[in-house]
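Biologist: Could you walk me through some salt bridges and a surface patch, one question at a time?

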Amino acid sequence: MSEYAAFFARWRVRLGYPLAVAVLLLARPTPQSLAVGALVGIAGLWLRAYAAGYLRKKEQLTVTGPYACTRNPLYLGSAILAAGAAVATRSLFSAAILLIYFAVVYSIVMRREEGELRHFHGAAFDAYAKAVPLFFPRLMPARLGAVTAPAESGSFSFAQYKKNHEWQAAVGFLLLLVFLLLLWRFRLH
């Protein structure tokens with residue numbers, strides 16, 4: 001499975017491009033679907049931005065902020081973002097493509113990343129994984145006394161958000177909404 005996981009981790013964005021074309025071709029957006037989809041997507045973007053402000057990739061095990069509720073808040077935010085895109089398209093076929101792609105690719109990617117974190121952080125990751133669910137969040141943040149994190153990881157950092165290039169997700173979602181709006185507009189004429 002690690003060979004497949006490596007493939008999906010490396011190619012997940014590039015695999016999404018032809019699927020995005022299919023999603024757009026099948027879309028039947030309306031102003032109402034765009035508005036509701038945008039609101040759902042904004043919630044996903046917010047969660048991704050919040051998580052990115054805590055995440056110090058390859059530097060430390062992040063266990064604070066949204067990482068105390070789910071081990072994958074970025075991917076949870078992406079799932080909400082995909083749901084927003086699905087609503088905006090107003091197409092069951094587009095929604096199915098988006099949701100199946102997300103479920104297949106990101107379940108593999110999350111497991112692969114989990115293995116990497118276990119390799120680099122050992123017992124600390126095992127304690128964290130025991131207290132915090134992989135994807136669906138806990139209602140209350142886990143108290144992770146046994147898992148120690150450096151003090152600088154304890155709060156949101158806008159500099160860290162920028163370092164993680166999270167603004168790119170917002171730009172991508174905005175472009176999708178613009179394309180869907182143009183589709184709706186051109187289909188009227």
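Here are a few questions and answers on this predicted model.

Biologist: How many salt bridges does a search of the whole structure find?
Modeller: Happy to start there. The search covers the whole structure, and its count of salt bridges is 6.

Biologist: Which residue meets K163 in a salt bridge?
Modeller: K163 sits in helix α5 (residues 158-163), and its partner lies 104 residues apart, in the loop between α2 (31-52) and α3 (73-89). The closest contact, N to O, is 2.8 Å. The side chain that K163 meets there is that of E59.

Biologist: Is E114 buried or exposed?
Modeller: Good one to reason through! E114 has a relative accessible area of 10%, and buried means under 20%. E114 is therefore buried.

Biologist: Which residues are linked with E114 in a network of salt bridges?
Modeller: One partner lies in the loop between α2 and α3, 43 residues apart from E114 in helix α4 (residues 92-131), and its salt bridge with E114 spans 2.3 Å, N to O. The other partner also lies in helix α4, 3 residues apart from E114, about one turn of the helix, with the closest N and O atoms 3.1 Å apart. The residues linked with E114 are R71 and R111.

Biologist: And what is the area of the nonpolar surface patch that includes L175?
Modeller: L175 lies in helix α6 (residues 167-188) and is partly exposed, at a relative accessible area of 45%. Its companions in the patch include W167, F179 and F186. The nonpolar surface patch has an area of about 800 Å².

Methods:
Residues are numbered from 1 along each chain as its sequence is written. This is a predicted model: local features need pLDDT of at least 70, side-chain atom pairs count only at pLDDT 80 or more; totals for chains, interfaces and linings use all residues. Side-chain values use heavy atoms; hydrogens and water are left out. Patches are made of residues with over 30% relative accessible area and no salt bridge: like charges are joined within 9 Å, nonpolar side chains (Val, Leu, Ile, Met, Phe, Trp, Tyr) within 5 Å. Accessible areas come from the Shrake-Rupley method with a 1.4 Å probe; for residues, only the protein chains shown count as cover. A salt bridge is a side-chain nitrogen of Lys or Arg within 4 Å of a carboxyl oxygen of Asp or Glu. Helices (H or I, at least four residues) and strands (E, at least two) are DSSP runs, numbered from the N terminus. Buried means under 20% relative accessible area, exposed over 50%, partly exposed in between (1.4 Å probe, protein chains only).
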